[in-house]
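User: Hi! I am new to reading protein models, and I would like to learn how the words used for them are justified. Could you take me through this one?

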Amino acid sequence: MRFRTKQMLVFSLLMALICSAFLIFSLAFYKNSMVEKAEYRRASLTIHLHNDIIDMVYTGDVLQLTAAIKSIRSDVTYIDYIFVIGDNGHLLAHTFDTGFPSELFNVNFLPAGKLATSKLLITDKGRVKDFAIRTARHMPGEIHVGMNEEVFYKQINDSVKMTIIMTIVCLAIGLFLVYVVSGYLSKPLKNLSLGMEKIENGDLKYRLEEKGDYEILNLLRGYNRMTESMLVSTTRLQQAKEALIESEAKFRTLVEKIPTITYTAALDEYGTTQYISPQIESILGFTQEEFKANNDIWDKQLHLDDRNRVLKETAASHPNDIPFVSEYRMLKKTGRTVWFRDEAVVVKNEAGEPIFVQGMMIDITESKQAEKEKKKLEAQLRQSQKMEAVGTLAGGVAHDFNNLMTVIIGNAQLALMNVIKDESIREGIEEIKKAGEKATSLTRQLLAFSRKQIIKPEIMDLNIGINETEKMLKRMIGEDIEFQTVLEPELWKVYADSGQIDQIIINMVVNARDAMPQGGLLTIETANADLDKNYFRERGIHEEKPGHYVMLAVSDTGIGMDKETREHVFDPFFTTKEVGKGTGLGLSTAYGIVKQNNGFIWVYSEPGKGTTFKVYLSKVEGDVEAEEKERTCAEHPGGSETVLIVEDDDSLRNFAQKALRQLGYKLLVAENGEDALKVCKEHDGQIDLMITDVVMPKMGGREAVERLQPLYPRMKVIYMSGYTDNAIVRHGVLAPGLNFLEKPFTPKKLACKVRETLDN
Amino acid sequence: MKVFKNFAVVFAIFLFFVAVLSCEKGEESRKVDLDKRVSDVSQLVKTTDMGKSLTFCFDRRIDPSEEIKIYGVFLDYLEKETGLDFTLLFSKSYQEAIENIGAGKAQFAIMGGLSFLKAQHDYGVRMLVKGLGQNKKGDYQAAIIVEKNSPIKQLCQLKGCCFAFGSKHSTQGYLIPRYMLEKEGVLLGDLNKYFFTGSHWNCARAVIKGDALAGGIQDALAFRLEKDGVIRIIALSDYHPRSGIAVNKNVPEEIVDKVKTALLRFDPAGKHKDGLINWDKTEMLGGFTDFKPQNYDVLKKIAEKYRLLGDS
Ligand SMILES: Nc1ncnc2c1ncn2[C@@H]1O[C@H](COP(=O)(O)OP(=O)(O)OP(=O)(O)O)[C@@H](O)[C@H]1O
Ligand SMILES: [Mg+2]
């Protein structure tokens, strides 16, 4: 209840109490005494009246008596009537003007022995009290006086009414005063409570108006001083709080955002977790709550291989106050492994007693993996360096070897063309030629394996490539594995480098072999495929390239792959093979090649159910004819044009010279670039074709061509080489527009290439 | 709130008391129609229970209001002594008093010798006690008075005068004065004129006013008036027994005894003096004494001589 209301209530109750008490007192006692007084007055009036008229009563002067009582009656307002009964019981005199009210006569009975009595009468004039008094003691005569109560008591009632009204007025005035005073008293309180409200709402700047009486003024001043000091201290507090929050937030973000788990653990048997930062969930999969609830979770999740070691380490460090530093593995909720570097120290209180352990667990999985990767990479690097070395070696050997083989095979062929009479010699030469061809093919394989072969896309039949490598493949896979080819006889042609195709096939076959250490079935399959849009949609490929494709599939019945391996097979350097066996480049190279050729490659595999790789290459629509032409080139086409041969290898130069001269060409020869320039200066006339080696001492083929080309604009060039060489071949792929003759070559191949170049 | 509750309780109790106290005691009231008037009021008779009390009849002599007081207190004394109720009845004349007591309208009456003798003769009324005058004298005199400045000094001078008597039945106011006049030779016929004023007081007044040259009144009043210098006494009679209190023959004996005892014990000069008012103005200012029937013999003879008894 409001203070003011309460005050009002209490005061009004008190006032009402007092006023009512006063009223009761007035009504009960004052009125009574007034009535008594009045009664007394009436009695004494009656006695006076008696004294005045008694003589007349007994002298029997009725007229005088009547006149006397009438005059008394008119003098006293509240006397309604007077009548006198004589001793003989008869009416002696009365004040009524006409007749006498008969009912009145005997209404008030005055018993013998009594001097006076009164009776209340109800008349139409209101209440009338009839006072009867004996004319004298022991006398039967009676004097009756009728006193009108209404008139008589009007005075009393008026004064009582006045008292009540005065009381009410006093009460009202009192209440009003209480209201005003309580308002005056409660106003500062109200102000104060307003101020309090302001404080409650945080408005510490609000000040109360300082006015009022001494005590109230003091109160208000005190209040204002209090709010002032509150403001000061709250501001300070607020600032401190803000600083605290800021620093707390800083540290919290530090603790919770760095990719490191921070923790505090009790120094009990379990190392119960007291705090662990939320990163635990993203890193280990367990929530903070789980970690706090189960104090052996850390213990349990430790990698079995590291467990004993780590436990031993903690046991050795914590109690001895040695900082704990360890790297170990833990199992995620999912079962995967996470590497941690855990560094912890024992925190002590001021007394130097150890309280808890505080530390952080850094997720070093990636660096561990990177480390592993690095090791792998190093191995791969070594492997590729080895390969490089092998390649370089093979390249170097192949160069000379090819030159030699070109000479051997060329000469054998030339010999066969010329020496045809002696059958036995002929047969011998024939054998030389065959052996040379075998050696050539070997060299090719060697180069392909060391990825040093020259890429020269051409329209080709995959079946032919497969057939050509089949023998070698069979050798590679060994006898435990059954090898089978299912080839589409009407297979469409593709535009690709046969060397690369070989490379793809070889790699896939080797992979299949490695997947079947216990033996199995290896199938190479080709087919024509019409891929519609649905095909791409079903496989979720965005780039929809419906059309005709040639499919090459290599399947095995080996160990297969799980999903993760499957997802990574095309990643460079992804391998599951031990160091030295695989580099992880095979499939990534294949992928690159296939993409280069606008195709795609799929893998289908389940662990234990074998694997199928499918390669799709676009079908070639047009230029099949042109390619066919080359194939159908005449046995040894000849010509009369002038041909410059630049070759540092004497025997090869001689062989080429010999072969072309037989066909009717005019020949210029040079040992190297410089020599070629000299030869040309001495030569008058046109040079139609230049056949040059790429790598030569003093001046290479390419530079020689650049020097000579301006002199003989219509001169055409054929480069000869045994392996990739930067001068002509960029990144192992032949620059377009260049004519290239791969070593070793046969006289026929040379004749055809020369004719073809000249005719173009 | 608790304070408020307490206040409420106190206030409720308080209001209850207010309600109780403000209930006035209801007074019995009667409804009266003042408009029903009668003009012949003689038919209205007051119902009263005065009848069951004993009525004491007195002569009215001086001033009614005064006499009411005088006898009122006397009756108070009697009531107190006897435990009986008494009502006062004034008789306007001796004749009325005789009739009142004779007919039983009053049980007791104060009576002079003549009245008594007549009442005894007519109604068999008994005398109870004899009154005592000043100094407890059982006898009184009659006085012949004249106006203060009257030249008359002797009774004989009254022949041919106008003479006033009191009541016709008065001993002191008629019987004895007539006897005194006749003894001096003044017969009624010798008088120029004589008349009855009805009371000693009226008689004195007639003399003082000059209606009569002389008058005969009781000695007590005569002495007082002479003392006041209003009249002069020219003659006093012999002593005669004073007035007494007579009783109706039908009043039961025990009541008569009770009243007689009370009357004899009455000592207005002594122990009962304080309660009385102007008792000395009465005939019995000395109280009462036993009555002897022969006391009135002289008066009886005179009365018979004047034929005042019986056939008068
Ligand atoms: N047929 C297969 N069956 C099972 N796993 C295969 C098969 N083919 C490839 N793989 C998996 O794919 C990995 C990558 O193969 P990829 O040919 O790219 O590299 P590699 O054979 O390991 O090394 P490289 O071919 O460079 O010598 C292999 O290490 C192997 O785990
Ligand atoms: Mg491989």
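User: What makes the area between chain B and chain A count as buried?

Analyst: Buried area is the accessible area, found with a 1.4 Å probe, that two parts lose on being put together, summed over both. For chain B and chain A this comes to about 4,600 Å², with 65% of it on carbon and sulfur atoms. A word on the background: this is a predicted model, where local features need pLDDT of at least 70 and side-chain atom pairs count only at pLDDT 80 or more, while totals for chains, interfaces and linings use all residues. Residues are numbered from 1 along each chain as its sequence is written, chains are lettered from A and ligands numbered from 1 in the order in which they are written, and side-chain values use heavy atoms, with hydrogens and water left out.

User: How many residues of each chain are in contact here?

Analyst: Contact means heavy atoms within 4.5 Å. By that rule, 45 residues of chain B are in contact with 53 residues of chain A.

User: Why is the pair K46(B) and E142(A) called a salt bridge?

Analyst: The term asks for a side-chain nitrogen of Lys or Arg within 4 Å of a carboxyl oxygen of Asp or Glu. In K46(B) and E142(A) the closest N and O atoms are 3.3 Å apart, so the pair fits the rule. The count between chain B and chain A is 2 salt bridges.

User: Which parts of chain B supply the side that touches chain A?

Analyst: Helices and strands here are DSSP runs, numbered from the N terminus: H or I over at least four residues for a helix, E over at least two for a strand. At least two residues each come from α1 (2-22), β1 (29-31), β2 (37-38), α2 (64-82) and β4 (86-91) of chain B. α2(B) gives the most, with 8 residues. Sorted by class, this side of chain B has 22 nonpolar, 8 polar and 15 charged residues. In that sorting, Ala, Val, Leu, Ile, Met, Phe, Trp, Tyr, Cys and Pro are nonpolar, Asp, Glu, Lys and Arg are charged, and the others, Gly among them, are polar.

User: How do you know that β2(B) pairs with a strand of chain A?

Analyst: Two strands pair if DSSP finds at least two bridges between them. Strand β3 (residues 100-101) of chain A is joined to β2(B) by 2 bridges, so the rule is met, and the two run antiparallel. Within this pairing, F100(A) has V38(B) as its bridge partner.

User: What is the strand order in the sheet of 6 strands in chain B?

Analyst: The order is β4-β3-β5-β14-β6-β15 (chain B), in an open sheet with mixed pairing. β4 and β15 (287-290) of chain B are at the edges with a single partner strand each, so one side of each is left without a neighbour in the sheet. Inside the sheet, β3 (residues 54-59) and β5 (residues 108-111) of chain B pair in the parallel sense over 2 bridges, and C57(B) stands opposite A109(B).

User: At about what angle does α2(B) run to β4(B)?

Analyst: Axes are lines fitted to C-alpha atoms, for helices over the stretch in contact, and angles run from 0 to 180 degrees between N-to-C directions. α2(B) runs at about 145° to β4(B), lying across β3, β4 and β15 of chain B.

User: Which strands are the edge strands of the sheet of 5 strands in chain B?

Analyst: This open sheet has the order β10-β9-β11-β8-β12 (chain B), with mixed pairing. Its edge strands are β10 (193-196) and β12 (231-236) of chain B, each pairing on one side only. From one strand to the next, the twist averages 30°. β9 (residues 162-165) of chain B is joined to β10(B) by 4 bridges and runs parallel to it; A164(B) has F195(B) as its bridge partner.

User: What makes R207(A) and E228(A) a salt bridge, and which parts does the pair tie together?

Analyst: Their side chains meet at 2.7 Å, N to O, so they satisfy the rule already given. R207(A) lies in the loop between α4 (149-200) and α5 (214-257) of chain A and E228(A) in helix α5 of chain A, so the pair ties together parts 21 residues apart in sequence. Over all chains, the whole structure has 35 salt bridges.
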